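Work through these exercises with the model in view. Try each task before you read its solution.

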Amino acid sequence: FRPSPGPVVQIRPPAGPGVRDDSGVYSGSVVPVEYDPMISKLITWGETRDEALARMRRALNAYVINGVETNLEFHLQVLDHPDFVDGSYDTQFVPRWMESREKPQQKYGELAELAAVLAVHRRDEALAERAAISGSKQGASAGGSRWKALGRARQLGRQL
């Protein structure tokens, strides 16, 4: 996550039993460009891990901070990850998870490219079809080649 300097328009940290927020900012303060990206540390405690996690979910959902970007949503997603929930994670959990989150985006990028190629192909087919129909109405002088018809249709499309 990249630093997000600027004014803290509003901050309302969560509170309650087993919840502590250590923060160096307040509403109206300005986070300078040179700041440590950790402007607040949220801590929860519980009799069990499940209780502490439930308090953390509640606290993250209740945390209000406006004016600077935060990673609150990221932490909520981590709390819902099956490996984190069952405690089977290590120091490489976040890098592995971030890498696995990027792969579907690459896949969707490839699918988008294929969809664009298919859309152009279908458009060209429709243009050629219309040009062929138009050409057949004009007689043999228009030429019977679908490639010629497609070329004429593309040329007409650019002129419009």
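**Exercise 1. Place Arg58 in the chain: which helix holds it, which residues does it contact, and how exposed is it?**

Step 1. Arg58 sits in helix α1. Helices (H or I, at least four residues) and strands (E, at least two) are DSSP runs, numbered from the N terminus.

Step 2. Check exposure. Arg58 has a relative accessible area of 38%, so Arg58 is partly exposed. The cut-offs are these: buried means under 20% relative accessible area, exposed over 50%, and partly exposed in between (1.4 Å probe, protein chains only).

Step 3. List the contacts. Apart from neighbours within four places in sequence, Arg58 is in contact with Ala15, Gly16 and Val19. Contact means heavy atoms within 4.5 Å.

Step 4. Find Thr44. Arg58 and Thr44 are 14 residues apart in sequence, and their C-alpha atoms are 10.0 Å apart.

Before going on, note the ground rules. This is a predicted model, in which local features need pLDDT of at least 70 and side-chain atom pairs count only at pLDDT 80 or more, while totals for chains, interfaces and linings use all residues. Residues are numbered from 1 along each chain as its sequence is written, and side-chain values use heavy atoms, with hydrogens and water left out.

**Exercise 2. Do the same for Ala62: which helix, which contacts, what exposure?**

Step 1. Helix α1 covers residues 49-62, and Ala62 lies in it.

Step 2. Ala62 counts as partly exposed because its relative accessibility is 31%.

Step 3. Setting aside neighbours within four places in sequence, Ala62 touches Arg12 and Pro14.

Step 4. Ala15 is 47 residues from Ala62 along the chain, yet their C-alpha atoms are separated by 8.8 Å.

**Exercise 3. Describe the overall fold: how many helices and strands are there, and in what pattern?**

Step 1. Count the elements. The chain has five helices and six strands.

Step 2. Read along the sequence. The pattern is β-β-β-β-β-α-β-α-α-α-α.

Step 3. Look at burial. The chain has 160 residues, and buried residues make up 27% of them.

Step 4. Look at long-range contacts. Take the contacts with a separation of 6 or more: residues 24 or more positions apart account for 44% of them.

**Exercise 4. Examine the salt bridges: how many are there, and which residues does each pair join?**

Step 1. Apply the rule. A salt bridge is a side-chain nitrogen of Lys or Arg within 4 Å of a carboxyl oxygen of Asp or Glu. The count comes to six.

Step 2. Start inside one helix. Glu51 pairs with Arg55, with the closest N and O atoms 3.0 Å apart. Both lie in helix α1, four residues apart, about one turn of the helix. Glu51 is partly exposed, at 27%. Arg55 counts as buried, at 18%.

Step 3. Move to a pair between helices. Asp80 pairs with Arg57, the closest N and O atoms being 3.3 Å apart. Asp80 is in helix α2 and Arg57 in helix α1, so the pair ties together parts that are 23 residues apart in sequence. Asp80 is exposed at 54%. Arg57 is partly exposed at 25%.

Step 4. Take another pair. Asp90 and Arg96 form a salt bridge with closest N and O atoms 3.1 Å apart. Both are partly exposed: Asp90 at 42%, Arg96 at 45%.

Step 5. Look for a network. Salt bridges that share partners join Arg20, Asp22 and Lys41.

**Exercise 5. Explore the largest nonpolar core: how many residues does it have, and which helix gives the largest share?**

Step 1. Define it. A nonpolar core is a set of buried Ala, Val, Leu, Ile, Met, Phe, Trp, Tyr and Cys residues joined through side-chain atoms within 4.5 Å.

Step 2. Count. The largest core has 23 residues; Val31, Ile39, Leu42, Leu60 and Ile65 have the most contacts inside it.

Step 3. Trace the sources. Helices α1, α2 and α4 (93-138) each supply at least two residues of this core. The largest share, five residues, comes from α2.

Step 4. Follow one member. Not counting residues up to four places away in sequence, Ile65 touches Val8, Gln10, Ile11, Ile39, Thr70 and Leu72.
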